[in-house]
Amino acid sequence: MVKLKVRKFGNSLGVILPQEVIHRLHTGDGEFLLLIEGPHGAWQLTPCDPVFEKKMIKAEEIIRRYRNTLRALAD
């Protein structure tokens, strides 16, 4: 676990990633990261993978389309 402090950058808020985190994410300056919302309010920061990103877009479309069916199955 790494504790990060939120800071103001112009009109935005952001965090500075320690070198250890940058290394473990295999990322660098100018690279994109995905912030993924998980269950129970958890968030996951992951390197941007174009193939994964396309799959997530498709999954979100399916979830929206079959929202009622998925809700009924979850009960």
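This passage describes a pocket, a surface patch, a loop residue and the salt bridges of one structure. The model is predicted.

The largest pocket was examined to begin with. Rolling a probe the size of a water molecule over the atoms shows where empty space is left. The largest pocket holds about 320 Å³ of space. Its lining is made by 13 residues. Leu4, Val15, Leu17, Leu33 and Leu45 lie nearest the centre of this pocket. Two elements, β3 and β4 (43-47), each give two or more residues to the lining. The largest share comes from β4, with 3 residues.

Attention then turned to the surface. A nonpolar patch of about 430 Å² is found there. Val2, Leu4, Val6, Leu13 and Val15 make up this patch. Leu4 and Val15 belong to the patch, and they are also among the residues nearest the centre of the largest pocket. Val6 sits in strand β1, which covers residues 6-9. The relative accessibility of Val6 is 54%, so this residue counts as exposed. The cut-off for that class is over 50%.

Thr27 offers a contrasting case. Thr27 is placed in the loop between α1 (19-24) and β3 (33-37). Its relative accessibility is 19%. Buried means under 20%, so Thr27 counts as buried. Leaving aside residues up to four places away in sequence, Thr27 touches Ile22 and Leu33. Leu33 is also one of the residues nearest the centre of the largest pocket.

Charged side chains were considered last. Side chains of opposite charge can pair when their charged atoms come close. A search of the whole structure finds 2 salt bridges.

One salt bridge joins Glu20 and Arg24. The closest N and O atoms of this pair are 3.6 Å apart. Both residues lie in helix α1. Glu20 and Arg24 are 4 residues apart there, so about one helical turn separates them. Arg24 has a relative accessible area of 62% and is therefore exposed.

The other salt bridge links Lys58 with Glu61. Here the closest N and O atoms are 3.9 Å apart. A salt bridge requires such atoms to lie within 4 Å, so this pair qualifies. Lys58 and Glu61 belong to helix α2, which spans residues 50-65. They are 3 residues apart, so the separation is again about one helical turn. Lys58 is partly exposed, at 44% relative accessibility. Glu61 is also partly exposed, at 32%.

Terms used:
Residues numbered from 1 in each chain as written. Predicted model: local features only at pLDDT ≥ 70, side-chain atom pairs only at ≥ 80, totals over all residues. Heavy atoms only, no water. Patch = residues over 30% accessible without salt bridge, like charges linked within 9 Å, V, L, I, M, F, W, Y side chains within 5 Å. Areas by Shrake-Rupley, 256 points an atom, 1.4 Å probe, with all protein chains shown as cover. Salt bridge = Lys/Arg side-chain N within 4 Å of Asp/Glu carboxyl O. Buried < 20%, exposed > 50% of the residue type's maximum accessible area, 1.4 Å probe, protein only. Contact = heavy atoms within 4.5 Å. 1 Å grid on protein atoms, 1.4 Å probe; cavity = no way out; pocket = protein on both sides within 12 Å on 5 of 7 lines; lining within 4 Å. Points joined across faces, edges and corners; volume = space filled by probe spheres on them.
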